[in-house]
Amino acid sequence: MNQETGRIPHFRVRLSPTPRGARLARLLTEQQLRTWGLPLETPTQIVAELAANAVTHGRVPGRDFQLLLYVVGGTLRIEVTDTRGDRLPRLASPREDGASGRGLVLVAALADRWGVSEGRHPRKTVWAEVALPAPEPDAPRSGGTGGSSPRNTRVKEPRQAPPLPPTAQTHPRG
C-alpha cells in the first residue's frame with residue numbers, strides 16, 4: 001500500500017466498492033496523514049465524500065475503486081478512481097428535501113482545486129487538492145511537504161486537470 005517514488009511520498013490502496021470500503025478509505029487516509037504529520041480534518045472529509053461517491057455512483061460489481069494520496073510541494077493531492085467513466089460527476093445544487101447530492105458541494109468548498117480526469121476506459125478519477133500549511137521555522141519536518149509555502153489564493157476549477165509536476169517528479173500511474 002505505502003510507497004515512495006523518488007522524493008514524492010504517496011499512498012495507494014484498492015478498496016471494495018461498498019460502504020465498508022468507503023469507510024476504510026477514510027480511516028486509512030487519517031492514519032496516513034497522521035504518519036506524514038499533515039492536517040487531518042479537511043483531507044479526511046474530502047476522501048470520505050469522494051469514496052462515498054465512488055461507492056454510490058461509480059460502483060461496478062467485482063471492480064474495486066482506488067484511493068491515491070500524494071504530496072508535491074505544498075499541496076496534498078487526493079485521487080479516487082472508479083470504473084464508471086460513463087458517469088461523470090456534476091456539481092449541482094442539492095435539493096433541500098434531498099438526502100443526498102451534497103458530496104461534491106462539500107468537496108468544492110473544502111478543496112483548493114478539484115476536478116475530474118477521464119482515464120483508460122472505463123475509468124475516471126475525481127481529484128482534489130489541498131494546500132498544506134507552511135511548517136514552523138524551527139519545527140521538525142515530516143511527511144513530504146518539502147517546506148514549500150502554501151498558495152495564498154484559493155482557485156476552484158472543476159473539471160480541469162491540474163498541471164503535472166516536471167517529468168522527473170511525475171507520479172507513476174497504474
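Modeller: Let's start with a term: a helix axis is a line fitted to C-alpha atoms over the stretch in contact, and the angle between two such axes runs from 0 to 180 degrees between N-to-C directions. Keep in mind that this is a predicted model.

Colleague: Okay, but before the axes, what does the secondary structure of the chain come to?

Modeller: There are three helices and six strands. Reading from the N terminus, the order is β-β-α-α-β-β-α-β-β.

Colleague: So how do I read a pair of packed helices?

Modeller: Two packed helices are described by the angle between their axes and the distance between the axes. Here, the axes of H2 and H3 come within 9 Å and cross at roughly 150°. An angle over 145 degrees counts as roughly antiparallel, so H2 and H3 are roughly antiparallel to each other. Their crossing is left-handed.

Colleague: Which residues make that contact?

Modeller: On the H2 side you'll find Thr42, Gln45, Ile46, Glu49, Leu50 and Asn53, and H3 brings Gly103, Leu104, Leu106, Val107 and Leu110.

Colleague: And how do the axes of H1 and H2 cross?

Modeller: They come within 9 Å, at roughly 155°. That angle makes H1 roughly antiparallel to H2. This crossing is right-handed. Pro19, Ala22, Ala25, Arg26, Thr29, Glu30 and Leu33 of H1 meet a set of H2 residues that includes Pro43, Val47, Ala51 and Val55.

Colleague: What span should helix H2 have, and what do its end C-alpha atoms show?

Modeller: Count 1.5 Å a residue: the 17 residues of H2 (residues 41-57) should span 24 Å, and the end C-alpha atoms are 24 Å apart, which agrees.

Colleague: Which residues of H2 are buried?

Modeller: Look for Pro43, Thr44, Ile46, Val47, Ala48, Glu49, Leu50, Ala51, Ala54 and Val55. The cover over the buried residues of H2 includes helix H1 (19-36), strand S3 (65-72), strand S4 (75-82), helix H3 (103-110) and strand S6 (124-131).

Colleague: How many residues does the largest nonpolar core have?

Modeller: It has 32, and Leu50, Leu67 and Trp114 have the most contacts inside this core. Elements giving two or more residues to this core are strand S2 (8-15), H1, H2, S3, S4, H3, strand S5 (113-118) and S6. H2 supplies the largest share, six residues.

Colleague: Take Leu67, then. What does Leu67 touch?

Modeller: Leaving out residues up to four places away in sequence, Leu67 touches Phe11, Arg12, Val13, Ala25, Thr29, Val47, Ile78, Glu79 and Val80.

Colleague: Is Phe65 buried or exposed?

Modeller: Buried means under 20% relative accessible area. Phe65 is found in strand S3 and, at 1% relative accessibility, counts as buried. Phe65 and Ala22 are 43 residues apart in sequence, but their C-alpha atoms are 9.2 Å apart in space.

Colleague: What about the whole chain: how much of it counts as buried?

Modeller: Of its 174 residues, 41%. For contacts between residues at least 6 apart in sequence, 65% join residues at least 24 apart.

Colleague: One last feature: where is there a cis peptide bond?

Modeller: In general, most peptide bonds are trans. Here, a cis peptide bond joins His121 and Pro122, with omega about 10°. Pro122 sits in the loop between S5 and S6.

Notes:
Residues numbered from 1 in each chain as written. Predicted model: local features only at pLDDT ≥ 70, side-chain atom pairs only at ≥ 80, totals over all residues. Heavy atoms only, no water. Helix = DSSP H or I, 4+ residues; strand = E, 2+ residues; numbered from the N terminus. Expected span 1.5 Å × (residues − 1). Buried < 20%, exposed > 50% of the residue type's maximum accessible area, 1.4 Å probe, protein only. Contact = heavy atoms within 4.5 Å. Core = buried A, V, L, I, M, F, W, Y, C linked by side-chain atoms within 4.5 Å. Parallel < 35°, antiparallel > 145°, perpendicular 65-115°, else oblique. Left-handed = near helix turned anticlockwise from the far one by under 90°.
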